[in-house]
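Reader: I should like to learn how to read the features of a model such as this one. May we take them one at a time?

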Amino acid sequence: MFEFKAILSVDAAMVAVESDGYALRYVPEALMNEAVVSKAVERNGDALRYVPEALMSEAVVSKAVERNGYALRYVPESLMSEAVVSKAVERNGDALQYVPESLINEAVVSKAVESDGEALRYVPEALMNEAVVSKAVER
């Protein structure tokens, strides 16, 4: 675990997030850059909550949801894509609850219930079918 000390440089910020991605919460915004936030979410996807919107990119949010599917809740709608939501629900099926309706389709639902049968509770009625239920029950 990273021991908190004053983070006064980009190099210190990088050392902190390399040790513990969640240390991003202690990094002053002025010291954040693409490399620092990318490393933070690579180490801990939930650190995405501390990434300023100006530094969010598809690459950053993809790394975050690959690490922790629940990080999808911090992804701005403008960066939501089928690729991003697919990665999220593959990692954590329950992340389906954070997927915008416009991006929920059979493939996303299938990945979600394969990852976690409990995700069935977030499947829209229109996409509920025997195959989906069977995959959920198998989990």
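Author: Let us begin with aromatic pairs. Two rings of Phe, Tyr or Trp pair if their centres lie within 6.5 Å, and planes over 60 degrees apart count as edge-to-face. The model shown here is predicted, and it holds 1 aromatic pair.

Reader: Which rings form the aromatic pair, and is it stacked or edge-to-face?

Author: The pair consists of Tyr 22 and Tyr 50; the ring centres are 5.4 Å apart and the planes stand at 80°, so the arrangement is edge-to-face. Tyr 22 belongs to the loop between α1 (10-19) and α2 (34-43), while Tyr 50 belongs to the loop between α2 and α3 (58-67). With their positions 28 residues apart in sequence, the two link distant parts of the chain.

Reader: Are Tyr 22 and Tyr 50 buried or partly exposed?

Author: Burial is judged from relative accessible area, with under 20% taken as buried and over 50% as exposed. Tyr 22 has 16% and is therefore buried, whereas Tyr 50, at 29%, is partly exposed.

Reader: How many helices and strands does the protein have?

Author: The protein has 6 helices and 0 strands. Its C-alpha trace spans about 55 × 30 × 15 Å along the principal axes. Of the 139 residues, 47% are buried.

Reader: Which residues touch the most other members of the largest nonpolar core?

Author: A nonpolar core is a set of buried nonpolar residues joined through side-chain atoms. The largest one here has 45 residues, and Leu 24, Leu 48 and Leu 72 touch the most other members. Two or more residues come from each of α1, α2, α3, α4 (82-91), α5 (106-115) and α6. Beyond its neighbours within four places in sequence, Leu 72 contacts several residues, including Val 65, Met 80, Val 84 and Tyr 98.

Reader: How should salt bridges be read, and how many are there?

Author: Side chains of opposite charge can pair when their charged atoms come close. The cut-off applied between nitrogen and carboxyl oxygen is 4 Å, and the count comes to 8 salt bridges. One of them joins Lys 87 and Glu 66 at 3.1 Å, N to O. That pair links helix α4, which holds Lys 87, with helix α3, which holds Glu 66, 21 residues apart. Another joins Lys 111 to Glu 90, with the closest N and O atoms 3.8 Å apart. Lys 111 lies in helix α5 and Glu 90 in helix α4, so this bridge also ties together parts 21 residues apart in sequence.

Reader: Are the partners Arg 49 and Asp 46 buried or partly exposed?

Author: Arg 49 and Asp 46 form a salt bridge with a closest N to O distance of 3.0 Å. Arg 49 is partly exposed at 37%, while Asp 46 is buried at 11%. Elsewhere, Lys 39, Glu 42 and Lys 63 are linked in a network of salt bridges.

Reader: Which residues make a nonpolar patch on the surface?

Author: Met 128, Val 133 and Val 137 make a nonpolar surface patch of about 240 Å². Val 133 is found in helix α6 (residues 130-138), as is Val 137. By relative accessible area, Val 133 is partly exposed at 32%, and Val 137 is exposed at 65%. Between the C-alpha atoms of Val 137 and Glu 42 the distance is 32 Å, the two residues being 95 apart in sequence.

How values were computed: Residues numbered from 1 in each chain as written. Predicted model: local features only at pLDDT ≥ 70, side-chain atom pairs only at ≥ 80, totals over all residues. Heavy atoms only, no water. Patch = residues over 30% accessible without salt bridge, like charges linked within 9 Å, V, L, I, M, F, W, Y side chains within 5 Å. Areas by Shrake-Rupley, 256 points an atom, 1.4 Å probe, with all protein chains shown as cover. Salt bridge = Lys/Arg side-chain N within 4 Å of Asp/Glu carboxyl O. Helix = DSSP H or I, 4+ residues; strand = E, 2+ residues; numbered from the N terminus. Buried < 20%, exposed > 50% of the residue type's maximum accessible area, 1.4 Å probe, protein only. Phe/Tyr/Trp six-rings, centres within 6.5 Å; stacked < 30°, edge-to-face > 60°. Core = buried A, V, L, I, M, F, W, Y, C linked by side-chain atoms within 4.5 Å. Contact = heavy atoms within 4.5 Å.
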